[in-house]
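This report describes how the strands, cores and internal cavities of one protein model are arranged. Please look at the sequence and the structure before reading on.

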Amino acid sequence: MTFLKLNSGAHMPALGLGTWRAEPGVVGDAVREAIRIGYRHIDCAAIYQNEKEIGSALSAAIADGDVKREDLWITSKLWNCNHLEDDVRPALENTLKDLQLEFLDLYLVHWPVAHKPGVVMPESVDDFLSPRQAPMEETWRAMEACRERGLTRHIGVSNFSARKIDAMLDYASIRPSVNQVEGHPYLAQTELLGWCKRNHVVVTAYSPLGSPDRPEMLQVKGEPTLLDDPRVAHIAEAYEATPGQVLIAWGLKRGTAVIPKSSNPERLKQNFAAAKLQLDDGDMQTLDSMDRGFRFIDGSFWTAEGSPYTLADLWDE
Ligand code: A2P
């Protein structure tokens, strides 16, 4: 298994299991099966609304001797309605309770976007808190306090631009260990990766397969389908691999952590085996050349007219 070294010196397994859209009644079995296959890194979030079932699966896997807690890497994320300083620790404690854990390995600020307390999904522009009303500095201070209390071993961010992390470095006593962002050949994020590498922030790539099952409201008519791209298929054929494996191998070879989601035992196995696939430089270049700056998760759900957040500010592009 490949590990990525974080700025603390700790090692995070590079290949993990994504759990967004892992359905109730199914996600628990998927986590158990993933652990049996050898996955040791499970990526969770409060907003996925499945942490309770994942917690039961983790607890059963540990009780049955499939895995030891210290060999697991569990990530979760602070939802947008809990950014105010006093709301951060209770949110993390709730996640720990659901996951039946005493500590997380990594806790991330899920988005650089804040909602009013209690607003899980904003329905109007009044449901947001602006960056001035919910300053990231306060949220981060509370994240740091959680780490100091031992509730999580590392803290980090998700969906943050280099500029936003750079701004945090002015006040952070604990630097973010990880930035989790969308990453696949249509959105290679090469500049962000370079910046993160220079600043000792490990990047985790989410939606590495192009998130084919994301909710319809997030899909755009006529969007490209990464898993069906003929360039990926052609490379897959040459290695007697599947397109999914090629996409995962590409992300791993670029030095990012990669967290494909699957609830299917065969695909879980297939995705795990992708860590052994070594793409040659020519194939890496072909995949690199597919970059088109295309976001499957473009954040437009935070940027309706009148919202304190705009797409330009969100991504700093
Ligand atoms: P399933 O859970 O039925 O396996 P992403 O990680 O980019 O969000 O993509 C997850 C989606 O891709 C899910 O719909 C998942 O379905 C599907 N998927 C996972 N692994 C593979 C694979 N190796 N080949 C094709 N589709 C896959």
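## The sheet

Strands β4 and β5 run parallel and are joined by three bridges. The model in which they are seen is a predicted one. Across this pairing, His 41 stands opposite Trp 73 of β5, and Asp 43 has Thr 75 of β5 as its bridge partner. On to β6, β5 is linked by four bridges, again in parallel. One residue pair here is Leu 78 with its bridge partner Val 109 in β6.

These strands belong to an open sheet of eight, ordered β3-β4-β5-β6-β9-β10-β11-β12, with parallel pairing. At the edges are β3 (17–18) and β12 (257–258), each of which pairs on one side only.

## Buried strands

How many of the six residues of β5 are buried? Six of six are, and the strand is mostly covered. Strand β6 is covered on both faces. Leu 106 and Leu 108 are buried on one side, and Tyr 107 and Val 109 are buried on the other. In a regular strand, side chains alternate between the two faces of the sheet.

## Thr 75

Thr 75 lies in strand β5, which spans residues 73–78. Its relative accessible area is 1%, so Thr 75 counts as buried, the cut-off being under 20%. Leaving aside residues up to four places away in sequence, Thr 75 touches His 41, Ile 42, Asp 43, Cys 44, Leu 106 and Leu 108. Of these contacts, Leu 106 and Leu 108 are on one side of β6, while Asp 43 is the residue that has Thr 75 as bridge partner.

## The second largest cavity

Rolling a probe the size of a water molecule over the atoms shows where empty space is left. A search of the whole structure gives two cavities of 30 Å³ or more. The second largest cavity holds about 30 Å³ of space.

Which residues line the second largest cavity? They are Met 12, His 41, Asp 43, Thr 75, Leu 106, Leu 108, Val 178, Gln 180 and Thr 204. At least two lining residues come from each of β4 (41–43), β6 (106–109) and β10. By type, the lining has four nonpolar residues, four polar and one charged.

## The largest cavity

The largest cavity has about 80 Å³ of space. It is lined by 16 residues, and those closest to its centre are Gly 183, His 184, Ala 205, Trp 250 and Thr 256. Two or more lining residues come from each of β10 (178–182), β11 (202–206) and α8 (243–253).

Which element gives the most to this lining? Helix α8 does, with three residues. The lining of the largest cavity is made up of nine nonpolar, five polar and two charged residues.

## The nonpolar cores

The largest nonpolar core contains 50 residues. The members that touch the most others are Val 31, Leu 58, Ile 74, Leu 99, Leu 104, Trp 140 and Met 143. Met 143 touches Leu 78, Val 88, Tyr 107, Leu 108, Val 109, Ile 155 and Gly 156, apart from residues up to four places away in sequence. Leu 78 and Val 109, both touched by Met 143, are the bridge partners named for β5 and β6.

There is also a second, separate core, with 23 residues. Leu 226, Ala 236, Trp 250 and Met 284 are among them. Trp 250 is also one of the residues closest to the centre of the largest cavity.

Terms used
Residues are numbered from 1 along each chain as its sequence is written. This is a predicted model: local features need pLDDT of at least 70, side-chain atom pairs count only at pLDDT 80 or more; totals for chains, interfaces and linings use all residues. Side-chain values use heavy atoms; hydrogens and water are left out. Buried means under 20% relative accessible area, exposed over 50%, partly exposed in between (1.4 Å probe, protein chains only). Contact means heavy atoms within 4.5 Å. On a 1 Å grid over the protein atoms alone, a cavity is a set of points where a 1.4 Å probe fits but cannot get out, and a pocket is an open set with protein on both sides within 12 Å along at least five of seven lines; lining residues have an atom within 4 Å of a point. Grid points are joined across faces, edges and corners, and a volume is the space filled by probe spheres set on the points. Ala, Val, Leu, Ile, Met, Phe, Trp, Tyr, Cys and Pro count as nonpolar, Asp, Glu, Lys and Arg as charged, and the others, Gly among them, as polar. A nonpolar core is a set of buried Ala, Val, Leu, Ile, Met, Phe, Trp, Tyr and Cys residues joined through side-chain atoms within 4.5 Å. Two strands pair if DSSP finds at least two bridges between them.
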